[in-house]
Amino acid sequence: MDLSFSAEDEAFRQQVRAFIDAALPDDLKAKAEIDAPVEMADTMRWHRILFEKGWVAPGWPTKHGGPGLTPTQRFILTEELELAGTPQLSPFGLTMVGPAIMQFGTPEQQARFLPKILSGEEVWCQGYSEPEAGSDLASLRCKAESDGDDFIVSGQKTWTTYAQYADWIFCLVRTNPTAKQQAGITFLLIDMKTPGVEARPMLTIGQQPAFCDTFFENVRVPKANAIGPIDGGWTVAKALLGHERTLLAMVGSSGRLLRRVKRIAAATTVGGRSLLEHDTWRAKIVRLEIELEALKMTNYRVLAGAQLGKAPGPESSILKLRGTEVNQQLYELAMELMGYDALGWYNDDPGVVPALAQGIAAPFCYARANTIFGGSNEIQKNIIAKWILGLPSAG
Ligand SMILES: Cc1cc2nc3c(=O)[nH]c(=O)nc-3n(C[C@H](O)[C@H](O)[C@H](O)COP(=O)(O)OP(=O)(O)OC[C@H]3O[C@@H](n4cnc5c(N)ncnc54)[C@H](O)[C@@H]3O)c2cc1C
């Protein structure tokens, strides 16, 4: 099977590399070098640079301001950005609610929201999960009661990533408490500045304020902010999750991490030889490299479907499942290779912790979350069993 890219696509890859090299500010290059965490302000700075170039939303159609790239070019662009370690853009507007508004929103909603998602003028977050509704999302209780032209929203969302920076939140709310679980849910856009909305940040194990508990107390929201039919939000919610999971293959970031693993192995010497020359370590690295290549092939298969205009189906669950597992295993191997140095954090004294060892431990901790968010990996296995293997539902 010939898996090479066409000459045009290879030329596009070179164009992307040259652009990143020229446009990524020096301080962000320095952060990428040691995989240091980036602030939201850094992310939005890079968002605006990509927006100016026209590449901020590779998958958007041209009529909504997208660049008109082929699926292969989109893949190349994403892969090169990840390989270079550029700040990962917030996905909630660009790859989640934006496409949902395109698919289910009215022309007025599209004109109101899409341009500001694209330019980065408005930042979004996702209000799906609740304390008692994660995997079993349809049991959510955050309620929206009808009051004339408005809803009054009360309840709590949790694990709301970067809600403290967001201008808007897209929420699943219960609008009909007596209907069958999935039938009484509406997909609602809420302005975070509305009185009664409060986002309380929580710290991750890596000491990052990455997500929030978000509270709604009698929040007045116009019914015109519902995307899709009232009580018909489940269809919108599911379509959005399909897009979210396709994002999570992490082929580029894992490729970057694999390079780092090899650099660490090459720089660590035992018995006069680098770990790269020890059979046991080589075998561990090669096994993960093969896993990553296999993941890429699966990604290409999805890509081939996309070239023919197919929407992402249950195969996005395979990408999410394997992509996140391979990424975690690479971090585990990096930690194992580093031995005592694995205890180092980002800003440790370079005299104490070698530069090569910095920027591994904290993302290693965060990577535990990869197999939970976007629908846990056990849930992805249920989807694969039912929709790909045709097995009966559990329970
Ligand atoms: C870093 C991070 C960021 C997040 N960001 C957001 C966000 O921005 N917005 C948002 O809405 N949510 C967000 N989430 C929440 C995420 O979507 C949920 O954590 C996830 O859906 C799992 O739900 P839960 O935590 O309630 O776990 P539970 O659903 O309680 O699951 C607990 C365990 O039981 C397993 N399990 C549950 N049901 C089944 C089943 N039927 N079969 C087999 N195993 C099962 C799960 O796999 C898991 O291991 C984020 C989560 C994390 C970790």
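**Ligand shell, strand pairing and empty spaces**

Tutor: The shell around the ligand is made up of nine nonpolar residues, eight polar ones and one charged one. Ala, Val, Leu, Ile, Met, Phe, Trp, Tyr, Cys and Pro count as nonpolar, Asp, Glu, Lys and Arg as charged, and the others, Gly among them, as polar. The model is predicted, so local features need pLDDT of at least 70 and side-chain atom pairs pLDDT 80 or more, while totals for chains, interfaces and linings use all residues. Residues are numbered from 1 along each chain as its sequence is written, and side-chain values use heavy atoms, with hydrogens and water left out.

Student: What makes a residue one of those that surround the ligand?

Tutor: One of its heavy atoms must lie within 4 Å of the ligand. 18 residues surround the ligand, and the closest are Ser135, Trp159, Thr161, Ser376 and Glu378.

Student: Why is the approach of Glu378 to the ligand called a polar contact?

Tutor: The term needs a pair of N or O atoms within 3.5 Å. A polar side-chain atom of Glu378 is 2.6 Å from a ligand oxygen atom, so the pair falls within that limit. Asn382 puts a polar side-chain atom 3.1 Å from a nitrogen atom of the ligand. Gln126 uses a polar backbone atom, 2.8 Å from a ligand nitrogen atom.

Student: How much of the ligand does the protein bury?

Tutor: The protein buries 65% of the 970 Å² that the ligand exposes when taken alone; these areas come from the Shrake-Rupley method with a 1.4 Å probe. Strand S3 (150-161) and helix H12 (377-388) are the elements that give two or more residues to the shell. Such elements are DSSP runs numbered from the N terminus, with at least four residues (H or I) for a helix and at least two (E) for a strand.

Student: How do you know that S2 and S3 pair?

Tutor: Two strands pair if DSSP finds at least two bridges between them. Strand S2 (residues 143-147) and S3 have five, in the antiparallel sense, so they meet the definition. Asp147 stands opposite Asp150 in S3. The hairpin of S2 and S3 has two residues between the strands, and Gly148 there takes a positive phi near 65°.

Student: Which residues of S7 are the bridge partners of Phe151 and Thr160?

Tutor: Phe151 has Val221 as its partner, and Thr160 has Cys212. S3 and strand S7 (residues 211-222) run antiparallel and are joined by nine bridges. S7 also pairs antiparallel with strand S6 (residues 197-202), over six bridges, and Val197 has Phe216 as its partner there.

Student: What makes an empty space a cavity?

Tutor: On a 1 Å grid over the protein atoms alone, a 1.4 Å probe must fit at its points but be unable to get out. The search of the whole structure finds one cavity of 30 Å³ or more, and the largest cavity has a volume of about 80 Å³. Its lining includes Met44, His47, Trp124 and Glu122. Helix H3 (40-53) and helix H5 (91-104) are the elements that give two or more residues to that lining. The lining divides into five nonpolar, four polar and one charged residue.

Student: Why is the space of about 350 Å³ called a pocket?

Tutor: A pocket is an open set of points with protein on both sides within 12 Å along at least five of seven lines, and lining residues have an atom within 4 Å of a point. The second largest pocket holds about 350 Å³ of space. It is lined by 15 residues, with Glu33, Leu83, Ala84, Arg256 and Arg259 closest to its centre. The lining has five nonpolar, no polar and 10 charged residues. Its largest share, four residues, comes from H8.

Technical notes:
A polar contact is a pair of N or O atoms within 3.5 Å; within protein, one must be able to donate a hydrogen and the other to accept it, and residues adjacent in sequence count only if both atoms are side-chain atoms. Grid points are joined across faces, edges and corners, and a volume is the space filled by probe spheres set on the points.
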